[in-house]
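Work through the exercises below with the sequence and the coordinates open beside you. Each task is followed by a solution that goes step by step.

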Amino acid sequence: MTIINPDHRSTGLPSTGGLAERDSALPWCERCSTDEFLIYEDFVPARVSSEGRDLIPASVSYSCSVCGSFNGHQVPPMWSPPHWFWYS
Ligand SMILES: [Zn+2]
C-alpha cells in the first residue's frame with residue numbers, strides 16, 4: 001500500500017494540480033521562454049464529435065523556429081493561432 005506523504009511531494013515535482021491546465025495551455029516554447037518564434041504547423045478548432053455529444057477540444061501543433069523544438073497539445077476553445085485564416 002502506498003501512503004502519499006504531502007511533505008514528500010513538496011520536495012520533488014511541482015504539484016499535479018497544474019497538470020490539467022497544461023493540457024490546454026497556450027503554445028509556448030519552454031526552451032526559449034517565448035511564443036514569439038513559434039511556427040504553427042496545424043490547428044484543429046474545437047468541434048463536436050461525430051456522435052454529436054462530446055466537445056473535442058481544439059488542438060495545435062507547432063515548432064519553434066529558433067531552437068527547433070516541436071510541440072503539440074490541446075488549447076483553450078477561444079484560442080487560435082495569430083494570423084490564422086480560414087478556408088471558406
Ligand atoms: Zn524555442
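Rings of Phe, Tyr and Trp are taken as a pair if their centres lie within 6.5 Å, the six-membered ring being used for Trp. The model is a predicted one, and with this cut-off Y40, F43, Y62 and W79 form one aromatic cluster.

**Exercise 1. Aromatic rings**

Find how many aromatic pairs there are, and describe the one formed by F43 and W79.

Solution. Applying the cut-off on ring centres gives a count of three aromatic pairs. For F43 and W79, the centres are 5.9 Å apart and the planes stand at 80°. Planes over 60 degrees apart count as edge-to-face, so F43 and W79 are an edge-to-face pair. The next step is to place the two residues along the chain: F43 belongs to strand β1, while W79 lies in the segment after β5, 36 residues apart, and the pair therefore links distant parts of the chain. Finally, F43 and W79 are both buried.

**Exercise 2. The zinc site**

Determine which atoms coordinate the zinc ion and what geometry they give.

Solution. The donors are the SG atoms of C29, C32, C64 and C67, which lie at 2.2 to 2.4 Å from the zinc ion. Along the chain these donors follow the spacing C-x2-C-x31-C-x2-C. C29 is in the loop between α2 (19–23) and β1 (38–44), and C67 is in the loop between β4 (59–64) and β5 (70–74), so that this pair, 38 residues apart, links distant parts of the chain. For the geometry, the angles among the four donor atoms run from 98 to 114°. Four donors count as tetrahedral if all angles lie between 85 and 135 degrees, and therefore the site is tetrahedral. For comparison, the ideal angle for four tetrahedral donors is 109.5 degrees.

Are C29 and C67 buried or exposed, or in between? C29 has a relative accessible area of 2% and is buried, whereas C67, at 27%, is partly exposed. A disulfide would need two cysteine sulfur atoms within 2.5 Å, and the count by this rule is zero.

**Exercise 3. The nonpolar core**

List the residues of the largest nonpolar core, and say which strand gives the most to it.

Solution. The largest nonpolar core has nine residues, namely C29, L38, F43, A58, V60, Y62, C64, V75 and W79. Strands β1 and β4 each supply at least two residues of this core, and β4 gives the most, with three. Taking Y62 as a member of the core, its contacts beyond four places in sequence include P27, W28, L38, Y40, S69 and H73.

**Exercise 4. Two serines in loops**

Work out where S49 and S69 lie and what each touches, leaving out residues up to four places away in sequence.

Solution. S49 is in the loop between β2 (47–48) and β3 (55–56), and it touches D54 and I56. S69 is in the loop between β4 and β5, and it touches C29, R31, Y62, S63 and C64. Buried means under 20% relative accessible area; S49 is buried because its value is 12%, and S69 is buried because its value is 18%.

Notes:
Residues numbered from 1 in each chain as written. Predicted model: local features only at pLDDT ≥ 70, side-chain atom pairs only at ≥ 80, totals over all residues. Heavy atoms only, no water. Buried < 20%, exposed > 50% of the residue type's maximum accessible area, 1.4 Å probe, protein only. Donors = N, O, S within 2.8 Å, 3.2 Å for Na, K, Ca; no water. Tetrahedral: all angles 85-135°; square planar, octahedral: opposite > 155°, others 65-115°. Contact = heavy atoms within 4.5 Å. Phe/Tyr/Trp six-rings, centres within 6.5 Å; stacked < 30°, edge-to-face > 60°. Core = buried A, V, L, I, M, F, W, Y, C linked by side-chain atoms within 4.5 Å.
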